[in-house]
Structures are given as C-alpha cells and as structure tokens.
Amino acid sequence: MPATPGERFRHAMAQERPLQLIGVINAYAAIMASAAGFRAIYLSGSGVATASYGLPDLGMTTLDNVAEDVRRITSASELPLIVDADTGWGAAFMISRSIAELGRAGAAGAHIEDQVQAKRCGHRPGKQVVATDEMCDRIKAAADGKPDDSFVLIARTDAIATEGVDAAIERAAAYAEAGADIIFAEAVTQVGDYTRFREATGVPVLANLTEFGATPQLSLNELSDAGVDIALYPLSAFRAMNRAAEHVFRAIRSEGSQASVVDAMQTRDELYEYLDYHSYETKLDELFGAQGPEDQR
C-alpha cells in the first residue's frame with residue numbers, strides 16, 4: 001500500500017475514474033464508507049459546522065475545529081481523506097499553517113477556495129470572490145505548507161456564479177499554474193463545462209454533486225465523458241441520516257414507542273460487525289478473563 005495519505009489518494013485516482021469521493025461526517029461513517037467499497041472519503045466544512053457544532057456553513061468554524069474531526073476520522077479509517085479548508089482561515093502564514101496542521105492530522109489533501117473571508121455556501125446567492133492574484137497567493141502559501149509532495153492541493157473557484165464560466169476557467173488555469181494539483185469548479189450547471197475546465201487547466205477536475213444545489217445529479221458515465229476525474233458527494237449520507245433521525249424522533253414523540261420505526265434502524269449486531277466489536281471482547285477475555293477488567297481489583 002502507498003505510504004502516505006496523499007499517495008493513497010493518488011493511487012485511488014489511478015484505480016477509478018471518475019473516483020467517487022464520498023462525504024463522511026464522523027469516524028463511524030468513514031468505517032461504513034470503507035465497507036461499502038469506496039476508495040476515498042471527504043470531510044465537508046458544512047458537515048463540520050452542522051454536525052459537530054450546530055452552525056450554518058458561514059465561516060464560523062476554525063482550523064482547530066476541523067482538524068479535530070480530521071483526527072477522529074483518520075484514526076478510524078485508512079481511506080485517504082480530502083478536507084474542506086474553506087479560505088484557509090487567514091492570510092499567507094495562516095494558510096500555510098492550516099495545510100500543515102491538516103496534514104499532521106492525517107489528511108491526504110485539502111481544498112481552499114477563492115471566496116472572500118466572509119464566505120458563504122457555494123450553492124447560495126450573495127457570494128463574493130477575491131482577485132485572481134490573491135487566490136494564487138493563497139495557493140502558493142498552501143503549497144508551502146504541504147507536509148510532503150504527495151499531499152493533494154485542490155483549488156476551488158466559486159467564480160461561475162459571480163463572473164461567469166469563461167472567467168472562472170481563466171481563474172482555474174491561473175490556479176493550476178500557481179500550484180494547484182486539482183481544480184474544483186463549484187456550482188457548474190452544464191456538464192460540458194467540466195470538459196472546458198479540464199482542457200484549459202491540464203490538471204484533474206472535481207465535480208461537486210451536492211444535492212439541492214446548482215449542479216444536476218450527473219451519472220458517472222456523463223462525468224466520464226466530460227473528462228471529470230473526481231465525483232464528490234459531500235453530504236449525501238448526512239442528509240439521509242438527518243431525515244431518518246427526524247422520522248424516528250417524531251415517531252417516538254407522537255406514538256410513545258419506537259415500535260413502528262425499529263425496522264428502519266441498524267441493528268446492534270450490524271453495528272458490532274462494523275466496529276469488529278467481538279474481537280475487542282475476546283481481547284478483554286484474554287487479558288482479564290470472562291469477568292472483565294473491572295472485577296480484577
């Protein structure tokens with residue numbers, strides 16, 4: 001197996017095209033994603049804000065907030081993890097430090113974007129972007145913080161919504177020249193535009209297939225035909241989890257019992273299988289006997 005997280009991600013890209021990059025919000029979701037056969041995983045900034053802090057995706061979480069979730073996920077899964085680093089959480093030195101810290105936390109790569117510091121969700125109105133030169137400086141600072149050459153640096157542009165596709169493509173070409181390994185074009189509405197980004201930049205292109213946004217739900221065949229290298233599903237499982245939890249909460253509250261929703265739940269045995277629970281019990285028995293450590297006083 002390739003040695004570094006970045007090498008593992010690059011190996012996954014070589015094995016699967018487009019590479020399906022699936023979003024996970026915590027360590028257990030990463031374990032399930034691995035069992036489902038995914039080769040790489042992703043941590044969304046929106047996912048950190050919402051799932052870990054109950055906040056909207058409006059730049060209210062910090063490097064430390066995100067790095068903590070990265071550490072939890074990478075300690076539980078060997079799948080290479082790509083992380084949303086928003087705008088880098090500051091100016092040049094801070095951006096460089098952010099990338100270095102995410103690398104130390106076990107990330108295989110990260111993306112930074114060209115929005116202003118007071119950023120918004122990529123599929124919401126009112127976005128503003130910095131000048132191309134400023135974003136290129138962000139990329140250079142991020143590249144300086146890479147823990148090793150294999151760490152994957154992704155440049156995201158939100159300029160389609162504010163300046164149009166042609167201007168966004170020009171920006172992306174400059175970002176690739178500045179050191180971005182991959183281009184993340186946000187809020188693409190026409191599948192053919194991915195081809196234009198790919199041809200203009202000469203580097204791999206990521207398609208963000210987030211639900212309920214500007215980009216249609218494109219198939220892998222459509223993305224492949226357009227030259228897309230990575231298909232990102234940042235919050236698909238999280239949205240489904242939320243709907244399931246909402247349903248269970250309402251059923252228990254209104255019916256006074258969970259009986260009607262038990263069939264929709266993951267069973268205890270299924271949970272134990274994902275966690276390899278019984279091997280831990282066996283280890284306890286080997287170390288302390290069947291009674292457990294609390295009885296060995």
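Two strands count as paired here if DSSP finds at least two bridges between them. Keep that in mind as you open this predicted model.

**Stop 1: the barrel**

Select strands E1 and E8 (residues 230-233) to begin. They pair in the parallel sense over 4 bridges. For a specific spot to zoom in on, pick Leu19, which stands opposite Ile230 in E8.

Now add helix H1 (residues 5-15), which packs on the sheet. Among the strands H1 touches are E1, E2, strand E3 (81-84) and E8. Strand E5 (152-157) and strand E6 (182-185) are also touched by H1. If you draw the directions as vectors, that of H1 makes about 130° with that of E1.

Next, show the strands from E1 to E8 together. They form a closed barrel of 8 strands, running E1-E2-E3-E4-E5-E6-E7-E8, with parallel pairing. From one strand to the next, the twist averages 25°.

**Stop 2: helix H2**

Move on to helix H2, residues 27-35. Which residues of H2 are buried? Colour Ala27, Ala29, Ala30 and Ala33, and you have them. Turn the view to look down the axis of H2: these buried residues fall within an arc of 155°, so they line one face of the helix.

To see what lies over them, bring back strand E1 (19-23) and strand E2 (40-43), both included in what covers the buried residues of H2. Helix H4 (63-76) and helix H11 (236-255) belong to that cover too.

Both ends of the helix deserve a click. At the N-terminal end, Asn26 acts as a cap, with a side-chain oxygen 3.4 Å from the backbone nitrogen of Tyr28. At the other end, H2 is followed by Gly37, whose phi is positive, near 105°.

**Stop 3: helix H11**

Finish with H11, which you have already met as part of the cover over H2. Try a quick check with the distance tool: at 1.5 Å a residue, its 20 residues should span 28 Å, and the end C-alpha atoms are 29 Å apart, which agrees.

Now select Phe238, Val248 and Ala251, the buried residues of H11. Seen down the axis of H11, they fall within an arc of 155°, so they too line one face of their helix. What covers them includes helix H3 (45-53).

Then rotate to the other side of H11. Here Arg243, Phe249, Arg250, Arg253 and Ser254 are exposed.

What sort of phi does Gly256 take, positive or negative? Step just past the end of H11 to find out: the phi of Gly256 is positive, about 75°.

Conventions: Residues are numbered from 1 along each chain as its sequence is written. This is a predicted model: local features need pLDDT of at least 70, side-chain atom pairs count only at pLDDT 80 or more; totals for chains, interfaces and linings use all residues. Side-chain values use heavy atoms; hydrogens and water are left out. Buried means under 20% relative accessible area, exposed over 50%, partly exposed in between (1.4 Å probe, protein chains only). Helices (H or I, at least four residues) and strands (E, at least two) are DSSP runs, numbered from the N terminus. The arc is that of the directions from the helix axis to the C-beta atoms. Contact means heavy atoms within 4.5 Å. A polar contact is a pair of N or O atoms within 3.5 Å; within protein, one must be able to donate a hydrogen and the other to accept it, and residues adjacent in sequence count only if both atoms are side-chain atoms. Axes are lines fitted to C-alpha atoms, for helices over the stretch in contact, and angles run from 0 to 180 degrees between N-to-C directions. The expected span of a helix is 1.5 Å times one less than its number of residues.
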